[in-house]
Amino acid sequence: QVQLVESGGGLVQPGGSLTLDCAPSGSIFSLNAMGWYRQAPGKQRELVARITYDDNTIYAAPVKGRFTITRDHAKNTVHLQMNSLKPEDTAVYFCNAVLTATFGGYERTYWGQGTQVTVSA
């Protein structure tokens, strides 16, 4: 069974940096787009950044210029480098991947459990 495993959340002061990592566990036949979403208390989950199989990227307007999404194709991992963090970046961040598990039979979207990012002095 495939799961997305996230790491790298935590507490950081405004202006600081954090890196989030995500990788699928289990056997994968193919991996398509990957991305990060976030959900703040009382708000809907929203896209942060997304990267396609051929490394095209899109960013939400609030994070453009501060966050960078990259992927390591050899390791099937996706990274989110977050710089110049602001209190409004505080949220639970969820990894997202579109993939086909070796024993899954079809391509579908997977979600991680979420990792907390808190930006506070």
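Student: Two strands pair if DSSP finds at least two bridges between them, right? Then which residue takes a positive phi in the hairpin of β4 and β5?

Tutor: That is Gly42, with a phi near 80 degrees, in a hairpin that has six residues between the strands. Strands here are DSSP runs of E with at least two residues, helices are runs of H or I with at least four, and both are numbered from the N terminus. One thing to keep in mind: this is a predicted model, in which local features need pLDDT of at least 70 and side-chain atom pairs count only at pLDDT 80 or more, while totals for chains, interfaces and linings use all residues. Residues are numbered from 1 along each chain as its sequence is written, and side-chain values use heavy atoms, with hydrogens and water left out.

Student: Good to know. How do β4 and β5 pair?

Tutor: They are antiparallel, with five bridges between them. Within that pairing, Met34 of β4 has Ile51 of β5 as its bridge partner.

Student: And how many bridges join β4 to β9?

Tutor: Nine, and those two strands also run antiparallel. Trp36 is bridged to Cys95 in β9.

Student: Cys95 caught my eye. Which residue is joined to Cys95 by a disulfide?

Tutor: Cys22, with 2.0 Å from S to S. The cut-off for a disulfide is a pair of cysteine sulfur atoms within 2.5 Å, and the count by that rule is one. The torsion about the S-S bond is -85 degrees, making the link of Cys22 and Cys95 left-handed. Cys22 sits in β3 and Cys95 in β9, so the disulfide ties together parts that are 73 residues apart in sequence.

Student: Are Cys22 and Cys95 buried or exposed?

Tutor: Both are buried, meaning under 20% relative accessible area, with exposed being over 50% and partly exposed in between (1.4 Å probe, protein chains only).

Student: Let's move to the core. Which residues of the largest nonpolar core touch the most other members?

Tutor: Of its 30 residues, those are Trp36, Val48, Phe67, Val78, Leu80, Met82 and Tyr93. Such a core is a set of buried Ala, Val, Leu, Ile, Met, Phe, Trp, Tyr and Cys residues joined through side-chain atoms within 4.5 Å.

Student: Which element gives the largest share of this core?

Tutor: β9, with six residues.

Student: Tell me about Tyr93. What does Tyr93 touch?

Tutor: Leaving out residues up to four places away in sequence, Tyr93 touches a list that includes Leu20, Trp36, Val48, Phe67, Leu80 and Met82. Contact means heavy atoms within 4.5 Å.

Student: Switching topic: where is Gln113?

Tutor: Gln113 is in the loop between β10 (107–111) and β11. With 71% relative accessibility, Gln113 counts as exposed. Its contacts, again without residues up to four places away in sequence, are Leu4, Glu6 and Phe94. The C-alpha atoms of Gln113 and Cys95 are 7.9 Å apart, although the two are separated by 18 residues along the chain.

Student: Big picture, then. How many helices and strands does the protein have?

Tutor: Zero helices and eleven strands. Buried residues account for 39% of the 121. Of the contacts with a separation of 6 or more, 56% come from residues 24 or more positions apart.

Student: How does the radius of gyration look for 121 residues?

Tutor: The protein has 14 Å, which agrees with the value near 14 Å for a compact globule of that length. The radius is taken over C-alpha atoms, and the globule rule is 2.2 Å times the number of residues to the power 0.38. Along the principal axes, the C-alpha atoms fill a box of roughly 45 × 25 × 25 Å.

Key:
Pairing = 2+ DSSP bridges.
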